[in-house]
Amino acid sequence: MSLVFIRTVLLYILIVFSLRIMGKRQLGELQPSDLVVTILISNIATLPIEDVNIPLISGVIPILTFVALEVLISVISLKWDGARKLVSGSPKIIIQNGVINQKELKKLRFSIDDLMEQLRSKDVFDIADVDFAIVETTGQVSIYKKFAKQNVTAQMLSVTPSKQDLSFPYILIKDGKINYEGLVLLNLEKKWLENVLKNEKIQVQDVFLFTADRTQKYSLIKKQY
């Protein structure tokens, strides 16, 4: 039993390490080659865990081989566009100038239901609102709305941002522990934080979440336990 536990822990560490090398893409953002390698690694890793008679090295070597191949393919793809297109394909335009390209949809085996589902995930419920739509190599759809349907931006309104608008809150205390990196990013000293907590009559260990921005505007949430 202990042998199975040790083998499982070792393979877990190896897989986490391997995935870290491969990158941080989420499952929905994986390229075809990434997805294949991920599935193969998961299947190979289960064999030495389920059968202790299989040497652990028999699982380690294939996993490292797949990771090495994936890294090699990624490097080649960065240097040669032809390799990237061969492995991952290329983006396809399915809506152009507001007109659906039905032939491209058929080639991609992309139904109108699939298209509408993707549009709804982008908060678009009417195809007439779309100027361009592109199916990325990950299968996700990127859209560009018609000008009249685009969200209003500060640039459209010619609004000049204030100092506060250009700042967003950093976490300075999380679950009773100070985040010194956040203080450095905000160019604040620990003394400032201590004074704020003193004014709020609370200790660091009693803070659940404390955030602040570059204007020193802060938000504090106390622990409830």
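Does D129 count as buried or exposed, and at what relative accessibility? Select D129 to begin: at 18% relative accessibility, D129 counts as buried, where buried means under 20% relative accessible area, exposed over 50%, and partly exposed in between, with a 1.4 Å probe and protein chains only. As you go, keep in mind that this is a predicted model, in which local features need pLDDT of at least 70 and side-chain atom pairs count only at pLDDT 80 or more, while totals for chains, interfaces and linings use all residues. Residues are numbered from 1 along each chain as its sequence is written, and side-chain values use heavy atoms, with hydrogens and water left out.

Next, add K149 to the selection: its side chain meets that of D129 in a salt bridge (4.0 Å, N to O), a term for a side-chain nitrogen of Lys or Arg within 4 Å of a carboxyl oxygen of Asp or Glu. This pair links distant parts of the chain, since D129 sits in the loop between α6 (112-121) and β3 (130-135) and K149 in the loop between β4 (141-145) and β5, 20 residues apart. The helices (H or I, at least four residues) and strands (E, at least two) are DSSP runs, numbered from the N terminus. K149 is partly exposed, with a relative accessible area of 45%.

The structure holds 3 salt bridges, and for another of them you can select K223 and D175, whose side chains meet at 3.5 Å, N to O. Here too the pair links distant parts of the chain, with K223 in the segment after β8 and D175 in the loop between β5 and β6, 48 residues apart.

Now move to helix α8 and select residues 190-199, of which W192, L193, V196 and L197 are the buried ones. These four cover an arc of only 135 degrees around the axis, which puts them on the same side of α8; the arc is that of the directions from the helix axis to the C-beta atoms. To see what covers them, show the elements in contact (heavy atoms within 4.5 Å), which include β5 (170-174), β6 (177-178), α7 (180-185), β7 (207-212) and β8 (218-222). Turn the helix over, and the face away from the buried side carries the exposed residues K191, K198 and N199.

Staying on α8, select E194 and K190, which form a salt bridge with the closest N and O atoms 4.0 Å apart, and which lie 4 residues apart, about one turn of the helix. An α-helix has 3.6 residues a turn, so residues three or four places apart point the same way.

Finally, select K201, just after α8, which takes a positive phi of about 55 degrees.
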